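Biologist: I have this protein open on my screen and would like to go through it slowly. Could you walk me through it?

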Amino acid sequence: MMLVPRKRFDLFDDFFDDDFFSRKQPSLMKTDIREKKDKYLIDIDLPGFEKENISLSLKDGYLEVSAKTEKENKSDDERVVRQERFFGECSRSFYVGEEIKEEDINAEFKNGILKIEIPKKEEEKKSEEVKQIEIK
């Protein structure tokens, strides 16, 4: 018995289902960003990744999230019939502002979801006071 996904054959659908014609969003690192009064909350889906293989870095106001996963070794007596799981590296970056420091960011990885909390920094308020310049 062979385990093969069942798919009906349709040349037209198969042709236009190709990635070249697809405008689908990538299925890796799906992200939700929510805003609260004093912070931003970012949730990133990383199913199948281990916490040890996820890294966050901050440079020039950009928060970069990187993750990698390695391919499982298969034995010599098996062959892959279909492979849909991702193996490799992926990353995304978000501009958080140059006033944010590493110690301001909190992150937690649980159940395949990376939760990041970034505080809002108050912008410097411009003085509305009009200062007169003396003419000599």
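**Talking through the model**

Modeller: Let us start with one pair of charged side chains: Glu 117 forms a salt bridge with Lys 39, and their closest N and O atoms are 3.6 Å apart. This pair links distant parts of the chain, since Glu 117 sits in strand β7 and Lys 39 in strand β2, 78 residues apart. Please keep in mind that this is a predicted model.

Biologist: Why would two side chains like that pair up at all?

Modeller: Side chains of opposite charge can pair when their charged atoms come close.

Biologist: And is Glu 117 buried, exposed or partly exposed?

Modeller: Glu 117 has a relative accessibility of 29%, so it counts as partly exposed.

Biologist: How many salt bridges turn up in the whole structure?

Modeller: A search of the whole structure finds five. One of them joins Lys 121 to Asp 104, with the closest N and O atoms 3.3 Å apart. Lys 121 lies in the segment after β7, while Asp 104 lies in the loop between β5 and β6, so this pair ties together parts of the chain that are 17 residues apart in sequence. Lys 121 is partly exposed, with a relative accessible area of 37%. Salt bridges that share partners also join Arg 34, Asp 43 and Lys 115 into one network.

Biologist: What is the N to O distance between Arg 34 and Asp 43?

Modeller: The side chains of Arg 34 and Asp 43 meet in a salt bridge at 3.5 Å, N to O. Arg 34 counts as partly exposed, at 43% relative accessibility, whereas Asp 43 is buried, with a relative accessible area of 12%.

Biologist: Let me step back a bit. What does the secondary structure come to?

Modeller: The protein chain has one helix and seven strands, and reading along the sequence gives the pattern α-β-β-β-β-β-β-β.

Biologist: Which strands make up the sheet of four, and in what order?

Modeller: That open sheet has the order β1-β2-β7-β6, with antiparallel pairing. Its edge strands are β1, residues 31-35, and β6, and each of these pairs on one side only. From one strand to the next, the twist in this sheet averages 15°.

Biologist: How many bridges join β6 to β7?

Modeller: Five bridges join strand β6, residues 106-110, to strand β7, residues 113-119, and the two run antiparallel. Within this pairing, Asn 106 has Glu 117 in β7 as its bridge partner, and Glu 108 stands opposite Lys 115 in β7. The two strands form a hairpin with two residues between them, and Asn 111 in the turn has a positive phi of about 55°.

Biologist: What about the sheet of three strands, what is its order?

Modeller: The three strands form an open sheet in the order β3-β4-β5, again with antiparallel pairing. The edge strands here are β3, residues 54-59, and β5, residues 88-95, each pairing on one side only, and the twist averages 15° from one strand to the next. Eight bridges join β4, residues 62-69, to β5, and Lys 68 stands opposite Glu 89 in β5.

Biologist: Changing topic to the inside: which residues touch the most other members of the largest nonpolar core?

Modeller: That core has 19 residues, and those that touch the most other members are Ile 44, Leu 46, Leu 114, Ile 116 and Ile 118. The elements that give two or more residues to this core are β2 (39-45), β3, β4, β5 and β7.

Biologist: Which residues does Leu 46 touch?

Modeller: If we leave out residues up to four places away in sequence, Leu 46 touches Met 29, Ile 54, Ala 67, Phe 109, Gly 112 and Leu 114.

Biologist: And what share of the chain is buried?

Modeller: Of the 136 residues in the protein chain, 19% are buried. The accessible surface of the chain comes to about 12,700 Å², and 47% of that belongs to carbon and sulfur atoms.

Biologist: One last thing, what share of the contacts join residues at least 24 apart?

Modeller: If we take the contacts between residues at least 6 apart in sequence, 55% of them join residues at least 24 apart. The salt bridge we began with, between Glu 117 and Lys 39, also links distant parts of the chain.

How values were computed. Residues are numbered from 1 along each chain as its sequence is written. This is a predicted model: local features need pLDDT of at least 70, side-chain atom pairs count only at pLDDT 80 or more; totals for chains, interfaces and linings use all residues. Side-chain values use heavy atoms; hydrogens and water are left out. Buried means under 20% relative accessible area, exposed over 50%, partly exposed in between (1.4 Å probe, protein chains only). Contact means heavy atoms within 4.5 Å. Accessible areas come from the Shrake-Rupley method with a 1.4 Å probe; for residues, only the protein chains shown count as cover. Two strands pair if DSSP finds at least two bridges between them. Axes are lines fitted to C-alpha atoms, for helices over the stretch in contact, and angles run from 0 to 180 degrees between N-to-C directions. A nonpolar core is a set of buried Ala, Val, Leu, Ile, Met, Phe, Trp, Tyr and Cys residues joined through side-chain atoms within 4.5 Å. A salt bridge is a side-chain nitrogen of Lys or Arg within 4 Å of a carboxyl oxygen of Asp or Glu.
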